[in-house]
Amino acid sequence: MESVERSVRSWMASEKDTEVTQVVAGISSGEVTLLNVVKALGEYLTSEEDSLRTKGVQFLSLVLERSPRDKLNRQAVRVLVTFYCSKLEDTETITPALKGLSHLVEFPSLSPTDVTEILSAIFAHVKMKALVQSTRFFVFNLVNSLISSHRSELKNMGDQFVTGYAGLASGEKDPRNLLVAFKIARVILAELDVSKHVEDYFDITFCYFPITFRPPPNDPYGISADDLKDCLRLCLSATSAFGPLGVPVFLEKLTAGSPTTKRDTLQAMSNCFPVYGSAVAHEFGRKIWSALKLEIFQPTDPLTERAALDTLKDFIRILHPSSSPTDSTGSAIDLLVRSIRNDCLEAIGEPEKAQAKAGMKVLCTFVGTSPALSSFVVSEAADKLVRLFHDPGEVSNRAAVIMLLTDLLNALASSPLSAAPETPESSPLIASKDALIGVLIVGLKAPATRLPSIHGLSALIRIPSVVNDDELGYIVLEAGEFVGKEPDEVEDVTTDVLALLSSIAILAPHHLATQTLPPLFTTLPDRAPPRDAQSERAAYWRALSALSTLCVPPTLFETLVIRLTAKLDILCTPSTPTSSSSTGAADNEDAECTAAYAHAILTTLANTLSTKVSKPKPDPDVQKYAKGLLPHLLRLFLEAAVTSEARVLADPRLLQVGARIVRLVVETLPSESQTQFIGAIVAAFLDGDVKAATNGEFTSKQDKFGPMHPAASARQRDTMILYAAAHIPVRKGVQIFTKERAASNATGSATLSDFLKNLVRWCDVSTCSALQREAASQLFAILVNKYAVEISEFLDYALSEYWKTTLNPSPEERRNAINTWVWITRALIVQSHLKARSFIDRLFTLLDDEAVNGDAARALGALAKEDQILTKRNGAVLKILHTQKYFDAVLPKILEGAKKLDGSRRETAYLVALTSLINAVPKSIYLTQMPTLMPLLLRGLDLADPTIRSHIIDTLSNNIDAASGDKGVLTTYASTVVIAMLKNCMVADMPDPRVRVAALKYLALLPDAIRYDILHPYKPRVLKDLAKVLDDPRRAVRKEAVNARTNWYKYSG
């Protein structure tokens, strides 16, 4: 007891928190009771000095707040309740007393009698308008706690509690308190009898509607207007008794409010209508419909219109619940609902007017309410539109009629009520379906109605169980006439027609297979049209484009593969020479036309495969083409590679498309199938066992196939792009080189490391083409990335022996070696491999070599650039933040080298490396470094390479917002920037138009980014120089000069 008294006296003198902590610790250990604390505070609690009494009650409340809830028995709680309630009469102690009570009501020992006494005392003595916000908050929290844990006692208090709380909440304005007050009011309205006090609670809730609160900047409480709106809506919709009083308020706000107020009102009405019930809805029905009609037929903005339609849907559901019975004539439909329907049917009677569109939106709203209303409205609307379409006096409005009909069909297609009708006969369209199809088919015949009719048919077939199989075939027959026609023959509706037929292809592919595809395949010639046959070439391009779009379903794609590979077989068959008088130029022209045709065929296959594979769930039928399509294509490509005769598939451009097809198919294979396919590819390309990859159909007997052999022809070497494509999508666990693989094969590659060594030598020869280097680069990237553990021998070889070979050969060979080095290094960087740093450091040593330092500098940027090989889709090993880690590792070295102002080519190389790096990484990575980078970037504008200059200006443009401002780096370098940009926009100083355009665009941004007093001295010079640029020979440059000069001319303080 003495320690408690000592702590009390000490706290009263110093208010140190440690004294409270000591007392609470004693209570927790059982050495002290709360009654001991009350006794120790005795002289302070009864003191005549206001400050001492207040501090005494405050200390007790602080101890109570921190005390364990199980340390206070019922008797102690009773004593404390009586004590605190007595202190509510004292204006000096009311705040700490309320704080104490707000904690005391959380104790489990609180009895029903205590609850009644606390609330009676609060209602009798607490005058809310005389208290500050924080004290009022204690009151609301106290009541909220009692609502949560002692609701039955509050119900027993009856009118005393209901009336008392209404008095407490009246006039509250602070949003922090209102959030709690709204929660309390909602429970009272929903669970207690407020029939005698409806107007009181109407006054303390509807007085806040609509919420106009805007939180102050940097609000520490985080209370938003939406939080208040949501809580208030729950109050307004808590009881049906609010209906007769609340609806007039809603109508008033809806009529006179701002767009925001209108939307808030509409949302509140949607929440309240289900609670207020059908009686209120019928009482105010006409007025509600008039108000909503105004917002729909004469909308202030699209958002308010959408909200009004949603509210109307909820209103109609109350007028006619989904359980309401009806008959085929709609005799049981509510009269008000019937009136709304009649108003809208009257509006669509003039389809060319804007009112018709609004009326159709309302009719579409009926579709989502109930099956009965949907049938009642849709059938009437569809019949009226059909009559309008056939009315001779409305011929000019047929397009508008079909557009309205399409809106109705789209509503039915998207309605959850139409998702799964019980029977086809239950659809609201069943009676008028034939007439609708007739209208839409007739609409296809006229140019003015063709596009709306196509959209209408697309919506119609999306409605489940409405259009049967025969009708789908009829639609395909009529719409298919517009596929493959020349653009000048019909209005350009090809895209929409193909979208319609693609939708039907999913439902009934056999109709397209028998009606649409045969004419398209007939359009494809067996031999490529000559160069001057432009219409024939355009025809096969249109046919192939249509086939690519339509043949995505499995059955149609199988037909496409069979027919197109047959065309390829014909094209690959060598043609018989016509006569000895045929000129070489004519043969070359014929070969080029054939290559273009074959390229189009392969591209069609590749695009269709891409569509099938790129779905969230790829089509499973693609896998089977690894055993049919791929071996067939490989045979054609490899046969063309081993012969010296002119073969169309030896063209590098066709090989690239073929590689894309291989890549897409292999991507879908499971690991076991990938292992088998890769094994066959390795056997064919490295061992010469071509039949392993071509299903034994390889028939060429001229040259042995060995693309990696030192003496291999260029044709054979080009096929390595197919080998690379097969490896790109392979999963990491797939084994490429098996242990059983013999060491004595065509290239001597017994292990993956041996293969990569041979590949290095293969691509470093002077005769290596761009396509061959691309194949090698892809292999380096994917194999090093996925099999880094298995190829440690190759990585050591690259860092030692291979690196030495970059120092001796000619510069051109060294540039090629740098490209190889980049792909190996990037494969390690993206997986944060430990040896990546060693490979990066080797590139830095080349920045001192004047022969290749420019290439090495660009390579440092290329290492950070995203590519299409090392991606998640291809199964590459990617670590998070690998770009950020690389940037942080190399930037300090680059900055150190770039800051050495010696005017040497070494300095230039570092500047090139810096600009290449910044151009390759996202803006967020280097944004914080802009103050350091800015002077170096401006120096880079003096580099001779126009690409570098263009990249620098683009970088400055992208960061102009972050660099501007009174303390921004752009303000510091304003004069230098202006002069540099003027120099780069002059044709005499910068021949490249891309740089001139970029510089002018940047100049146009400066007036909005820098204060006038800083740039004002340069305004006359800028206007004078830009006047000269107006005579630039390039139109694009002159256009940007006009924009920039206009911005500077308007620039003023």
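This is a short talk through a few places in one predicted protein model.

Okay, housekeeping before we look around. Residues are numbered from 1 along each chain as its sequence is written, and side-chain values use heavy atoms, with hydrogens and water left out. Since this is a predicted model, local features need pLDDT of at least 70 and side-chain atom pairs count only at pLDDT 80 or more, while totals for chains, interfaces and linings use all residues.

Let's start with the broad layout. The domain assignment gives domain 1 (240-319), domain 2 (751-925) and domain 3 (944-1050); those bounds come from an automatic or database assignment. Between the C-alpha centres of domain 1 and domain 2 there are 66 Å.

There's also a record to mention. An unreviewed UniProt entry labels residues 38-298 "domain: MMS19 N-terminal". Positions are in the numbering used here, feature names are shortened, and such annotations may be inferred rather than shown by experiment. In the model, that span is 72% helix and 0% strand, and its end C-alpha atoms lie 70 Å apart. When I say helix or strand, I mean DSSP runs numbered from the N terminus: H or I with at least four residues for helices, E with at least two for strands.

Now helix α17, residues 285-297. What should its 13 residues span at 1.5 Å a residue? The expected figure is 1.5 Å times one less than the number of residues, so 18 Å, and the end C-alpha atoms are indeed 18 Å apart. Buried residues of α17 include Ile-288, Trp-289, Leu-292 and Phe-297, where buried means under 20% relative accessible area, exposed over 50% and partly exposed in between, with a 1.4 Å probe and protein chains only. The buried residues of α17 pack against α15, α16, α18, α19 and α20; contact here means heavy atoms within 4.5 Å.

Two single residues to finish. Which helix holds Thr-516? Thr-516 sits in α27, residues 509-523, and it counts as buried because its relative accessible area is 5%. Setting aside neighbours within four places in sequence, Thr-516 touches Val-476, Leu-501, His-511 and Leu-550.

Lys-485, on the other hand, is in the loop between α25 (469-479) and α26 (494-507). With a relative accessible area of 30%, Lys-485 comes out as partly exposed. How far apart are the C-alpha atoms of Lys-485 and Arg-542? They're separated by 7.9 Å, with the two positions 57 residues apart along the chain.
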